[in-house]
Amino acid sequence: MAADQTAEKATGQTTARARGIDRVIALMEHLHRLRTPTRIADIARDTGTPRSTVYELVNTLVEARWLETRDEDGAVYFGPAMHYYGSDYLNSVDLIRKARREVNHLAEVIGETSQFCMLDGDKYLVVLNEPGRRMFRISSDIGIKVPIPWTASGRLLVDHMTADEIRAFIPADDFTLPDGRRIVEQEFLRDMAEAREAGYVRTTGLVDRFTTCMAAPVRDTQGRCIATICFVVPADTEADQQALMIDALKDSAAKLSMAR
């Protein structure tokens, strides 16, 4: 009997710890989605976590410098430790470290916003973003998940999949753009095949009707696209300038592919 009670107690403690970890993850994900300092009461309401629990978690994370308070209302946001951890991660991944040099070089030489992008589950995200010299810059936020069909890069990142695999992988709702327009599946598949053949992809007017995105694939030793490097430019950019940008992207992507 005593052994059973001890086992039950240990199981309860393990479950409680796991629940606490889940709540920390939910808190961090919530702040990442909002991308702004947020009051503890709002965090508790939005995540469905008891306010006393959120206060306890926040106090612990503030002490660890994972979070910090930002104003007199007690709003909290990511603290300096998160920057250090993120920097450590970026420096530890060989491909991302090399991609950072290419992204910075492209933005400096071409003068337009340059990005390095990958998949996260069934979504696309920007891993690195370097603004260009243009006064009015076009960019996407790092780490924000976006439906694959909304992006130029998405047409390369899934180009190893069959049509059936793509249907199973990409949620059906992700083919609907923010303004309600629907991306026709067959057009997406056609774009994907053409992009693979050409070695780059260019799209205009998807999420933003006045924006053109050009991307080239970074491939592993099996030829699978594991990342893209791209430019985001105004849609009225001259055709000859776009051609130069595409050549630059393909050169950078080839360097990163060989680096694998």
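**Salt bridges, cores and ring pairs in a predicted model**

Asp94 is partly exposed in this structure, with a relative accessible area of 32%. The model is a predicted one, and every value below is computed from it. Arg97 also counts as partly exposed, at 32% relative accessibility. The side chains of Asp94 and Arg97 meet in a salt bridge, with 2.8 Å from N to O. Both residues belong to helix α5, which spans residues 94–110; because Asp94 and Arg97 are 3 residues apart there, about one helical turn separates them. In general, side chains of opposite charge can pair when their charged atoms come close.

The structure holds 17 salt bridges, and some of them link parts of the chain that lie further along the sequence from each other. One of these joins Lys145 and Asp120, whose side chains meet at 3.6 Å from N to O. Lys145 sits in the loop between β4 and β5 (146–147), while Asp120 is in strand β3 (residues 113–120), so this pair ties together parts that are 25 residues apart in sequence. Asp120 is partly exposed, at 34% relative accessibility.

Another salt bridge brings together the side chains of Arg167 and Glu185, at 2.4 Å from N to O. Here the connection runs between two helices: Arg167 lies in α7 (residues 163–169) and Glu185 in α8, so the pair ties together parts that are 18 residues apart in sequence. Arg167 counts as partly exposed at 38% relative accessibility, and Glu185 is partly exposed as well, with a relative accessible area of 26%. Elsewhere, Arg39, Asp42, Arg45 and Asp46 are joined into one network by salt bridges that share partners.

Attention now turns to the nonpolar interior. The largest nonpolar core has 26 residues, and those with the most contacts inside it are Tyr124, Val158, Ile166 and Phe188. Several elements contribute: β4 (123–130), α6 (154–157), α8 (185–198), β7 (211–219) and β8 (225–234) each supply at least two residues of this core. Helix α8 gives the largest share, 4 residues. Ile166 offers a good place to look at the packing in detail. With neighbours within four places in sequence left aside, Ile166 is in contact with Val158, Met161, Phe188, Leu189 and Met192. A second, separate core has 24 residues, among them Val103, Leu125, Leu128 and Ile229.

What about the cysteines? The structure holds 0 disulfides. The closest cysteine sulfur to that of Cys117 belongs to Cys230 and is 3.8 Å away, which is too far for a bond; the cut-off for a disulfide is 2.5 Å between the sulfur atoms. Cys117 is buried, at 0% relative accessibility. Cys213 is in no disulfide either, and its nearest cysteine sulfur, again that of Cys230, is 4.3 Å away. Cys213 counts as buried, with a relative accessible area of 14%.

Aromatic rings provide another kind of pairing. A pair of aromatic rings is described by the distance of the centres and the angle of the planes. A search of the whole structure finds 3 aromatic pairs. In one of them, the rings of Trp66 and Tyr85 have their centres 5.9 Å apart and their planes at 80 degrees, so the pair is edge-to-face. This pair links distant parts of the chain, 19 residues apart: Trp66 is in the loop between α3 (51–63) and β1 (67–69), and Tyr85 is in helix α4 (residues 80–92). Trp66 is partly exposed, with a relative accessible area of 30%, and Tyr85 is partly exposed at 45%. In another pair, the rings of Tyr77 and Phe78 have centres 5.0 Å apart and planes at 50 degrees, so this pair is tilted. Tyr77 is buried, with a relative accessible area of 16%.

A last stop is Pro178, found in the loop between α7 and α8. Pro178 is exposed, with a relative accessible area of 53%. When residues up to four places away in sequence are not counted, Pro178 touches Trp150 and Val207. Pro178 and Trp150 are 28 residues apart in sequence, and their C-alpha atoms are 9.0 Å apart in space.

Technical notes. Residues numbered from 1 in each chain as written. Predicted model: local features only at pLDDT ≥ 70, side-chain atom pairs only at ≥ 80, totals over all residues. Heavy atoms only, no water. Core = buried A, V, L, I, M, F, W, Y, C linked by side-chain atoms within 4.5 Å. Buried < 20%, exposed > 50% of the residue type's maximum accessible area, 1.4 Å probe, protein only. Contact = heavy atoms within 4.5 Å. Salt bridge = Lys/Arg side-chain N within 4 Å of Asp/Glu carboxyl O. Phe/Tyr/Trp six-rings, centres within 6.5 Å; stacked < 30°, edge-to-face > 60°.
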